[in-house]
Amino acid sequence: MLTHIGTKTITTKSLILRRFEYTDDDAMLKYWIADEKIQSLYSEPVYTTKAEVKELLDKYIGSYEKEDYYRWAIILKETGECIGQIAYFLVDNKNHFAEIEYCIGGDFQCKGFATEATKAVIAFGFEKMNLHKVQICTKTINKPSKRVIEKCGLTYEGTLRDYFYHNGEYVGRLYFSILRSEYMS
């Protein structure tokens, strides 16, 4: 049985994972949400105006009242700025699993921040939510994301071929997961 507690603050060595706030808008625009390359790698639209970001933040912030909603702003402790986001965007109550999505601004990629945030959210899922399985998917062309997933100890499960139409070509969707028993050992 899953235990839903909603999005709670998680602190790691370099990061604070917390609920989004309206004051995150400038950093979101500066670091990631207006970047077409970053947004396309996880199939999200580009937001280029403060009005568009406010509308998205209305959705995020309004959803925090639900105990089964899990979306964190990734805040760099050193600056207090929002450098990305991470979420359990899919939670399957019946089968006790959840799927993580994340993105990190280009200036902060390949520095361990995505791995640090992902490990923390995986721990939250097993230790606080009582998940049986956590999964993460990525596009076959997203090699940095694949490295994050592997560093977090997930096991490759398979590829859905030609799943996405990305920049004029078809790319596959890689599936990875970690089970509660694997996490605990």
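**Overall shape and the eight-stranded sheet**

The chain exposes an accessible surface of about 9500 Å², and carbon and sulfur atoms supply 50% of that area. Everything here comes from a predicted model. The C-alpha atoms fit in a box of roughly 45 × 40 × 30 Å along the principal axes. For 185 residues, a compact globule should come out with a radius of gyration near 16 Å, and the chain has 16 Å, so the two agree. Half the story is inside: 50% of the 185 residues are buried. Contacts tell of long-range packing too, as 63% of those with a separation of 6 or more link residues 24 or more positions apart. As for charge, there are 25 positive and 26 negative ones, and their mean positions lie 5 Å apart.

On to the secondary structure. The chain holds six helices and eight strands, and reading along the sequence gives β-β-α-α-α-β-β-β-α-β-α-β-β-α. The eight strands come together in an open sheet with mixed pairing, in the order β1-β2-β3-β4-β5-β6-β8-β7. Its edges are β1 (10-11) and β7 (155-166), each of which pairs on one side only.

Strand β5 (residues 97-104) is a good place to look inside the sheet, since eight of its eight residues are buried under the cut-off of under 20% relative accessible area. Residues F97, E99, E101 and C103 point one way from β5, while A98, I100, Y102 and I104 point the other way, and all of them are buried. On one side, β5 runs antiparallel to β4 (residues 81-92), with eight bridges joining the two. Here D92 stands opposite F97. The β4 and β5 hairpin has four residues between its strands, and in it H96 takes a positive phi near 60 degrees. With β6, β5 pairs in the parallel sense over four bridges, and F97 turns up again, this time opposite K133 in β6.

Within β5, E99 deserves a closer look. This glutamate has 3% relative accessibility, so E99 counts as buried. Leaving out residues up to four places away in sequence, E99 touches A87, Y88, F89 and L90, along with Q135, I136, C137 and R173. Of these partners, A87, Y88, F89 and L90 fall within the residue range of β4 (81-92), Q135, I136 and C137 within that of β6 (133-139), and R173 within that of β8 (169-179).

Further along the sheet, β6 (residues 133-139) and β8 (residues 169-179) pair in the antiparallel sense over seven bridges. In this pair, V134 stands opposite I178 of β8.

Another buried spot sits in β2 (residues 15-18), the strand that contains L15. The relative accessible area of L15 is 0%, so this leucine is buried. Neighbours within four places in sequence aside, L15 is in contact with I10, I74, I75, L76, K77, I83, F113, E116 and A117. Among these, I10 belongs to the edge strand β1 (10-11), and I83 falls within the range of β4 (81-92). L15 and T79 are 64 residues apart in sequence, yet their C-alpha atoms are 9.9 Å apart in space.

Terms used: Residues are numbered from 1 along each chain as its sequence is written. This is a predicted model: local features need pLDDT of at least 70, side-chain atom pairs count only at pLDDT 80 or more; totals for chains, interfaces and linings use all residues. Side-chain values use heavy atoms; hydrogens and water are left out. The radius of gyration is taken over C-alpha atoms; the globule rule is 2.2 Å times the number of residues to the power 0.38. Buried means under 20% relative accessible area, exposed over 50%, partly exposed in between (1.4 Å probe, protein chains only). Contact means heavy atoms within 4.5 Å. Accessible areas come from the Shrake-Rupley method with a 1.4 Å probe; for residues, only the protein chains shown count as cover. Lys and Arg count as positive and Asp and Glu as negative; His and the chain ends are not counted. The place of a charge is taken as NZ of Lys, CZ of Arg, CG of Asp or CD of Glu. Two strands pair if DSSP finds at least two bridges between them.
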